[in-house]
Amino acid sequence: MIMKKTKYFPVMTDDLKVNTILDFDIFMQTNNNIVLFRKGNHPFTEETLDNLAEHKVRTIFISEDEKEKFEKYYRTLHDSTNIGVSMKGCEAPFDNPENIEKYYKSHFNYYPIEKSNLLPGSKVDFNVYKKLDIDVELYFSPHNENDLSDIVPEDVHSSPFPIVIHNDEIPLYKEYIKNISVEYAKKDGYPLESQYSIIRENSKFIIKDILNDPRSGEVTQKASELVETLISSILDNQTNFYSLLKITTHDYYTYTHSLNVCSMSIGLGTQLKLKRDPDLIELGLGALLHDVGKCSIEPRILNKPGKLTEDEYKNVQNHVLASKELLEDSNIQIPQKSTITIMQHHEKLSGNGYPNKLRGNQVHLYGRIGAIVDFYDALTTERPYKKAYSPFEAFQLLSEVKEDYDQQLIKKFIVMLGTQGSR
Ligand SMILES: [Fe+2]
């Protein structure tokens, strides 16, 4: 008798809702085996989720035979009729020019900061704002005019709003971060999460500076040091580097995107057992600077809250060639192979990418890695006018366009993100 081999597909635990009945079996991966974790027709409870989180499991598996049941469950939850390819709804009223102006103002003048770096009870000498959809609202402040305090509130970490500061006050915030890290370092058992939160914030400062002034003579050194730090942070914590390093924002910024693409590329390179020197360094530098040419695009186009016109889209696509020109006539000195990620992260194996419409093997491994992580980060990043795709939807999309992306790498990428802890 020939036994049929069961196939499974991965699902992020984030895509399951607590207190719903799952009418399909769920499986877990242990070493190289897929084992039954729970039979179907049982409620998925907080306890189940905690149990999975305790084992650092963020991906479970479902049998292909029960795919239809899962898709029905997923559709009911997300009220979407077309998993993976649905356009996410518009949330803010961006049909009003006044609102667009407000949005641009809040986007360009304010800088998103990590709540976890604000120490409850400490004093600040800069204003801290809540970021609303298209505007900001003062949250706490050293200027006591509105009876606001300069003390960081106890519940700041659970505030539902993203937090921002004015660009002019970034130096004050940098100083605050420096002092906080000294404070933390004095404590016994400096928590890993706090250490990485400081690494993320300092990395953001560096890449923001690089992208603001890519022609500055310091770019090569700053970028190299940052990539070394990120590689060490990833190699030190391979099982949860992504949850520790991923920067989550309410909006798109080239500097946060560049950092996420860099850490995911190094992570994927590590999975592929690439050498630290020179492979991960070359790959990391290229990934960090992959969108450096975006500094030549009109910021209002790059951050437009809505669909681009055809001309605007062409302008955005031009960032790859703009990066090439910038590298040719600036002081940036990176290994020749780092330019591959920069030049090829929008190429597709089908030949439908840009700028050179490369096909199949013409796209180098570094280009293939860049293309996958760039697309994944863009999909899973929220914008004020568009909800982010869940990891599951993003994987689904990447797997659906089989002819465009390297499916072997996508499998590795899914496994890599699936084994990462959550924060
Ligand atoms: Fe790009």
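Is the crossing of α4 and α5 left-handed or right-handed? It is left-handed. Keep in mind that what you're looking at is a predicted model, and let's start with this pair of helices before moving on to the strands and a few odd spots in the backbone.

**Two helix pairs**

Helix α4 covers residues 170-186 and helix α5 covers residues 192-212; their axes come within 11 Å and cross at roughly 155°. Angles over 145 degrees count as roughly antiparallel, so α4 is roughly antiparallel to α5. Who does the touching here? On the α4 side you'll find Lys-174, Ile-177, Ser-181 and Tyr-184, and they meet Ser-194, Ile-198, Glu-201 and Phe-205 in α5. Sorted by class, that contact comes to four nonpolar, two polar and two charged residues.

Now have a look at α8 and helix α16 (residues 407-418), which pack at an angle of about 105° with their axes 10 Å apart. Since 65 to 115 degrees counts as roughly perpendicular, that makes α8 roughly perpendicular to α16. From α8, the contact uses Gly-267, Leu-268 and Gln-271, while α16 brings in Leu-409, Lys-412, Phe-413 and Met-416. By class, this contact has four nonpolar, two polar and one charged residues.

Here are the two pairs side by side.

| Helix pair | Axis separation | Angle |
|---|---|---|
| α4 and α5 | within 11 Å | roughly 155° |
| α8 and α16 | 10 Å | about 105° |

**Strands and how they pair**

Next come the strands. In what order do the four strands of the open sheet run? The order is β7-β10-β8-β9, and the pairing is antiparallel. At the edges stand β7 (110-113) and β9 (136-140); each has a single partner strand, so one side of each is left without a neighbour in the sheet. From one strand to the next, the twist averages 45°. To see one of these pairings up close, go to strand β8 (residues 128-131), which pairs with β9 in the antiparallel sense over four bridges. One spot to find there is Lys-131, whose bridge partner in β9 is Val-136.

Another antiparallel pairing joins strand β3 (residues 26-30) and strand β4 (residues 33-38), this time over five bridges. Thr-30 has Asn-33 in β4 as its bridge partner. The hairpin of β3 and β4 has two residues between the strands, and Asn-31 takes a positive phi near 50° in this hairpin.

Then there's strand β1 (residues 8-12), joined to β6 by five bridges, with the two running antiparallel. Tyr-8 stands opposite Ser-63 in β6. Why is β6 described as largely enclosed by the rest of the structure? Strand β6 covers residues 59-63, and four of its five residues are buried, so the rest of the structure largely encloses it.

**Odd spots in the backbone**

A few places are worth finding one by one. Lys-273 sits in the loop between α8 (254-271) and α9 (276-288). Is Lys-273 buried or exposed? A residue counts as exposed if 12 or fewer other C-beta atoms lie within 10 Å of its own, and Lys-273 has 7 C-beta neighbours inside 10 Å, so it counts as exposed. Its phi is near 60°, a positive value in a residue other than glycine. If you want to connect this loop back to β1, the C-alpha atoms of Lys-273 and Tyr-8 are separated by 25 Å, with the two residues 265 apart along the chain.

Move along to the peptide bond from Asp-277 to Pro-278, which is cis, with omega near 10°. Pro-278 itself lies in helix α9.

The loop between α13 (338-344) and α14 (365-380) is the place of Pro-355. The peptide bond leading into Pro-355 from Tyr-354 is cis, with omega near 10°. Lys-357 also lies in the loop between α13 and α14. Although Lys-357 isn't a glycine, it has a positive phi of about 50°. With 12 C-beta neighbours inside 10 Å, Lys-357 counts as exposed.

Technical notes
Residues numbered from 1 in each chain as written. Predicted model: local features only at pLDDT ≥ 70, side-chain atom pairs only at ≥ 80, totals over all residues. Pairing = 2+ DSSP bridges. Axes fitted to C-alpha atoms, helices over the stretch in contact; angles between N-to-C directions. Parallel < 35°, antiparallel > 145°, perpendicular 65-115°, else oblique. Left-handed = near helix turned anticlockwise from the far one by under 90°. Contact = placed C-beta atoms within 7 Å. Nonpolar A, V, L, I, M, F, W, Y, C, P; charged D, E, K, R; others polar. Buried ≥ 20, exposed ≤ 12 C-beta atoms within 10 Å, placed from the backbone.
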